Number of protein chains: 2
Amino acid sequence: MRILIVEDTPDVAEAASASLGRAGFACDIAPTLADARACIDITDYAAMVLDLNLPDGSGRDFLRERRRTGDLTPVLVLTAQFSVEDRVGALDEGADDYLVKPFDLRELEARLRALTRREAGRAENRIALAGLDFDAGAQSLRVNGAAVTATRRELALLNLLLANRGRIMPKDRLFDGLFGFENADVGTNTIELYVARLRKKLAGSGVSIETHRGLGYRLDLDG
Amino acid sequence: MRILIVEDTPDVAEAASASLGRAGFACDIAPTLADARACIDITDYAAMVLDLNLPDGSGRDFLRERRRTGDLTPVLVLTAQFSVEDRVGALDEGADDYLVKPFDLRELEARLRALTRREAGRAENRIALAGLDFDAGAQSLRVNGAAVTATRRELALLNLLLANRGRIMPKDRLFDGLFGFENADVGTNTIELYVARLRKKLAGSGVSIETHRGLGYRLDLDG
DNA sequence: CGGGGCATGACAGCTTGATGACAGCTTGGC
DNA sequence: GCCAAGCTGTCATCAAGCTGTCATGCCCCG
């Protein structure tokens with residue numbers, strides 16, 4: 001799950017990025033609308049965090065512009081404390097949620113999880129499938145009832161595959177979901193590596209990751 | 001456990017803060033409703049102590065406002081001696097408890113402990129788990145029957161971890177629970193330090209604190 | 001049988017956490 | 001008030017575990 005944070009205050013942007021990173025999201029930071037547009041052109045995001053007050057324009061205009069071009073990426077808007085009309089206006093413009101600054105990082109995390117899982121058609125963070133039990137909120141994984149430790153990247157990959165269960169995910173798509181621009185120079189072999197590591201941990205769970213040569217990977221029930 | 005004290009008389013606020021600090025709570029003081037709102041936006045509290053008579057408005061209105069926005073943080077209200085209707089009104093507005101000024105600090109402490117443990121779904125201050133026996137009221141700790149001395153911070157950390165047993169607690173969350181704003185500049189290494197100290201004291205108790213790299217710590221039974 | 005894509009073990013760099021020693025400060029006893 | 005004891009948090013150093021690279025060997029497909 002890749003997130004674009006459009007926010008010009010470095011402290012805020014970085015705190016959010018760190019917190020969301022821990023929660024399994026890959027984040028890119030865009031301090032201006034121009035940067036944001038550039039990012040969106042290059043890759044697509046599972047969601048966007050948008051500050052309304054930016055150096056090169058209003059986030060509201062930007063949001064309206066995106067919606068007019070048919071972009072349906074979930075957007076969470078950050079508003080200043082007292083601008084009620086901004087908040088309401090943003091929702092009218094097509095924002096999916098808002099948060100008043102200053103906000104609690106845990107809340108941002110929870111709301112983004114809600115937005116992205118809504119996109120995936122789920123109502124809660126927990127997914128149980130055959131012998132597998134994954135909770136994106138607690139970042140915990142159980143296989144046949146036993147807790148299995150997995151690293152941040154492994155969990156992020158699993159999350160992506162689970163959200164697209166039954167679909168073949170191209171390697172570059174998985175790559176985009178795991179790494180932001182700052183890790184852009186990582187070799188493509190990495191995905192194969194993490195698939196291998198995940199497979200070991202999922203062994204015997206009744207769920208497996210199939211390889212489709214030249215196409216990508218697909219997670220589904222055994223058989 | 002972090003507590004917000006909304007009280008404009010410095011003497012009272014500071015006495016309460018000191019007393020509660022000794023009892024293992026991390027306190028922030030807000031002398032006005034505006035300050036209180038700012039604090040609440042930034043972090044969240046295990047409970048709130050609310051004076052009703054404040055320079056920029058009535059605590060009752062504030063309480064009503066919080067409840068209307070869905071905030072369920074336990075609130076203990078401080079009332080003047082003779083305003084019975086305030087007291088009753090506050091309870092109606094959603095206060096969880098009240099104390100008449102002037103009050104005994106020990107009583108404040110005991111009532112806050114009651115409120116926070118109710119939140120954690122417990123009926124008493126004492127938690128026994130495997131070879132561990134912790135009493136938040138007496139601030140006493142026993143491991144396999146033997147009394148173990150532990151400092152305020154160690155106990156506060158243990159309390160937090162116990163209240164969230166089985167959940168991974170991010171380091172910054174533990175940090176928030178242990179330190180108020182006034183200690184905001186304490187190095188993050190501190191949490192690791194206290195985890196190490198606690199681990200030593202819990203050795204052999206059947207309960208242990210697991211490290212989850214990049215995510216946080218989790219307290220649970222061994223195994 | 002040859003080639004490209006994939007799997008996987010080993011490894012090194014680096015980030016993150018663990019821990020001992022220490023100095024300042026607080027606290028409590030006298 | 002003074003002193004001693006112990007609590008606190010910083011620093012430096014060391015250990016562990018995560019990450020991604022590489023190299024090698026495999027497998028599928030032509």
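Visitor: What makes Thr190(A) a polar contact of DNA strand D?

Guide: In this predicted model, a polar side-chain atom of Thr190(A) lies 3.4 Å from a phosphate oxygen of DNA strand D. The cut-off for a pair of N or O atoms is 3.5 Å, so the pair counts as a polar contact.

Visitor: How do you know that Asn189(A) and Asn189(B) contact a base of DNA strand D?

Guide: An N or O atom in the side chain of Asn189(A) is 3.3 Å from a base nitrogen. For Asn189(B), the distance to a base nitrogen is 3.4 Å. Both values are within 3.5 Å, so both are polar contacts. Helices H6 (152-163) and H8 (189-202) of chain A, together with H6 (152-163) and H8 (189-202) of chain B, each give two or more residues to the surface near this strand.

Visitor: Which part of DNA strand C do Thr211(A), Thr211(B) and Arg199(B) contact, and why is each pair called polar?

Guide: The partner is a phosphate oxygen for Thr211(A) at 2.6 Å, for Thr211(B) at 2.6 Å and for Arg199(B) at 2.7 Å. These distances are within 3.5 Å, so the pairs qualify as polar contacts. Of the atoms of DNA strand C within 4 Å of the protein, 68% belong to sugar or phosphate.

Visitor: Why are 10 residues near DNA strand C called charged?

Guide: Asp, Glu, Lys and Arg count as charged, so the 10 are residues of these kinds. The others near DNA strand C are six nonpolar and six polar. Lys171(B) is among the residues that come nearest to the strand, and as a Lys it therefore counts as charged.

Terms used: Residues are numbered from 1 along each chain as its sequence is written. Chains are lettered from A and ligands numbered from 1 in the order in which they are written. This is a predicted model: local features need pLDDT of at least 70, side-chain atom pairs count only at pLDDT 80 or more; totals for chains, interfaces and linings use all residues. Side-chain values use heavy atoms; hydrogens and water are left out. A polar contact is a pair of N or O atoms within 3.5 Å; within protein, one must be able to donate a hydrogen and the other to accept it, and residues adjacent in sequence count only if both atoms are side-chain atoms. Helices (H or I, at least four residues) and strands (E, at least two) are DSSP runs, numbered from the N terminus. A residue is near a molecule or strand if one of its heavy atoms lies within 4 Å of it.
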